[in-house]
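Please look over the sequence and the 3D structure shown here. The report below goes through selected local features, one at a time.

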Amino acid sequence: MELLEDLVAANRILAEHGVIDAYGHVSIRSPDNPNRYLLSRARSPELVEEADIMEFEIDGTPVDRQNRPIYIERPIHGGIYKARPEVKAVVHAHPKWSTFLTMVGQPYQPVYAQGSLVYPMPVLDSPNSINNPVMAERLASTLGQRPAAMMKSHGAVTVGKDIVEAFVLANYMEENSYRQYMALQIGKPYVFNEKELALCREKLWNAALFKRTWDHFRAKLG
Ligand SMILES: [Zn+2]
């Protein structure tokens, strides 16, 4: 199934490019049941294969566990799918550059055109693991209707209407954070103004461009 191929590819690409470390994960809402989602068994994301993909109830209960290890932070996914019916894919990452900003309370600023798509960036005011329904609800309410949120000194989530969107936004967020961090080392970065932000959103929130970014990274996987 193409959806599963893409889910596997998203895990591998995000891992290869350091956006998710050994502990990040990616899910999609089940195409057959909106109250379930598909997520791999707990495994290093660069090793995920189609056979690792499991189905979970929205409360995080595996449909058919078969003794497989499961991610402790899976409530992130169900919490967001419950709160956001239109969301079809969720990325949870522990990206280095984005997390640096949250460690020192440096707000995410749009310093790069694609990075403006996830601005303004809400931040969950807790570094704790999202391993229970209460934390999952806190994260979902921090995210609100936004496409991305960061978690203080922990990581980030991005969501999308499909895996390509959630994946691409995670990349844009991390690239913007990297550029912002680096620019801060040598001066005060230029931050896009409202007019520039509006233009970026109008031109860059575009499925064809998202697909091109996806294809760029997908092709490197071979
Ligand atoms: Zn995490």
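What follows describes a predicted model, beginning with a metal site and moving on to helix packing, single residues and backbone geometry.

## The zinc site

The zinc ion has four ligands: E73 through OE, and H92, H94 and H154 each through NE2, at 1.9 to 2.1 Å. The angles between the 4 donor atoms run from 93 to 128°, and the arrangement is therefore tetrahedral, since four donors count as such if all angles lie between 85 and 135 degrees. For reference, the ideal angle for four tetrahedral donors is 109.5 degrees.

Along the chain, the spacing of the donor residues follows the pattern E-x18-H-x1-H-x59-H. E73 sits in the loop between β3 (53-57) and α2 (75-83), while H154 sits in the loop between β6 (148-151) and β7 (155-160), so this pair ties together parts that are 81 residues apart in sequence. Both of these ligands are buried: E73 has a relative accessibility of 7%, and H154 has a relative accessible area of 12%. The cut-off for buried is under 20%.

## Helix α5 and its partners

Helix α5 (residues 163-186) packs with helix α1 (residues 2-16); the two axes come within 10 Å and cross at roughly 10°. An angle under 35 degrees counts as roughly parallel, and α1 and α5 are therefore roughly parallel to each other. On the α1 side the contact is made by D6, L7, A10, I13 and L14, and on the α5 side by I163, F167, A170 and N171. Sorted by class, this contact of α1 with α5 has 7 nonpolar, 1 polar and 1 charged residues.

Helix α7 (residues 207-221) also packs with α5, at an angle of about 75° and with the axes 9 Å apart. Angles of 65 to 115 degrees count as roughly perpendicular, so α5 and α7 are roughly perpendicular to each other. From α5, the residues in this contact are V164, E165, F167, V168, L169, N171 and Y172; from α7, they are L209, F210, K211, T213, W214 and F217. The contact of α5 with α7 has 9 nonpolar, 2 polar and 2 charged residues. F167 and N171 of α5 appear in the contact with α1 and again in the contact with α7.

## Two buried residues in helices

How buried or exposed is S177? S177 belongs to helix α5, and with 0% relative accessibility S177 counts as buried. Leaving out residues up to four places away in sequence, S177 touches W97, S98, L101, Y108 and M150.

C200 is part of helix α6 (residues 194-204). At 10% relative accessibility, C200 is also classed as buried. Apart from neighbours within four places in sequence, C200 has contacts with A113, S116, L117, F192 and W205. The C-alpha atoms of C200 and G115 are separated by 9.2 Å, although these two residues are 85 residues apart along the chain.

## P31 in a loop

P31 lies in the loop between β1 (25-29) and β2 (36-40). With a relative accessibility of 46%, P31 counts as partly exposed. Setting aside neighbours within four places in sequence, P31 is in contact with M1, L3 and L38. P31 and L184 are 153 residues apart in sequence, and their C-alpha atoms are 43 Å apart in space.

## Backbone geometry

Where is the cis peptide bond of P120? The bond from Y119 to P120 is cis, with omega near 0°, and P120 is found in the loop between α3 (96-103) and β5 (123-124).

Positive phi values in residues other than glycine occur at Q66 and at S153. For Q66 the value is about 50°; this residue is in the loop between β3 and α2, the loop that also holds E73. Q66 counts as exposed, at 51% relative accessibility. For S153 phi is near 50°. S153 is placed in the loop between β6 and β7, where the zinc ligand H154 is also found. S153 is partly exposed, with a relative accessible area of 37%, whereas H154 is buried at 12%.

Conventions:
Residues are numbered from 1 along each chain as its sequence is written. This is a predicted model: local features need pLDDT of at least 70, side-chain atom pairs count only at pLDDT 80 or more; totals for chains, interfaces and linings use all residues. Side-chain values use heavy atoms; hydrogens and water are left out. Axes are lines fitted to C-alpha atoms, for helices over the stretch in contact, and angles run from 0 to 180 degrees between N-to-C directions. Helices (H or I, at least four residues) and strands (E, at least two) are DSSP runs, numbered from the N terminus. Angles under 35 degrees count as roughly parallel, over 145 as roughly antiparallel, 65 to 115 as roughly perpendicular and the rest as oblique. Contact means heavy atoms within 4.5 Å. Ala, Val, Leu, Ile, Met, Phe, Trp, Tyr, Cys and Pro count as nonpolar, Asp, Glu, Lys and Arg as charged, and the others, Gly among them, as polar. Donors are N, O and S atoms within 2.8 Å of the metal (3.2 Å for Na, K and Ca); water is not among the atoms, so sites may look incomplete. Four donors count as tetrahedral if all angles lie between 85 and 135 degrees; four count as square planar and six as octahedral if opposite donors are over 155 degrees apart and all others between 65 and 115; anything else is irregular. Buried means under 20% relative accessible area, exposed over 50%, partly exposed in between (1.4 Å probe, protein chains only).
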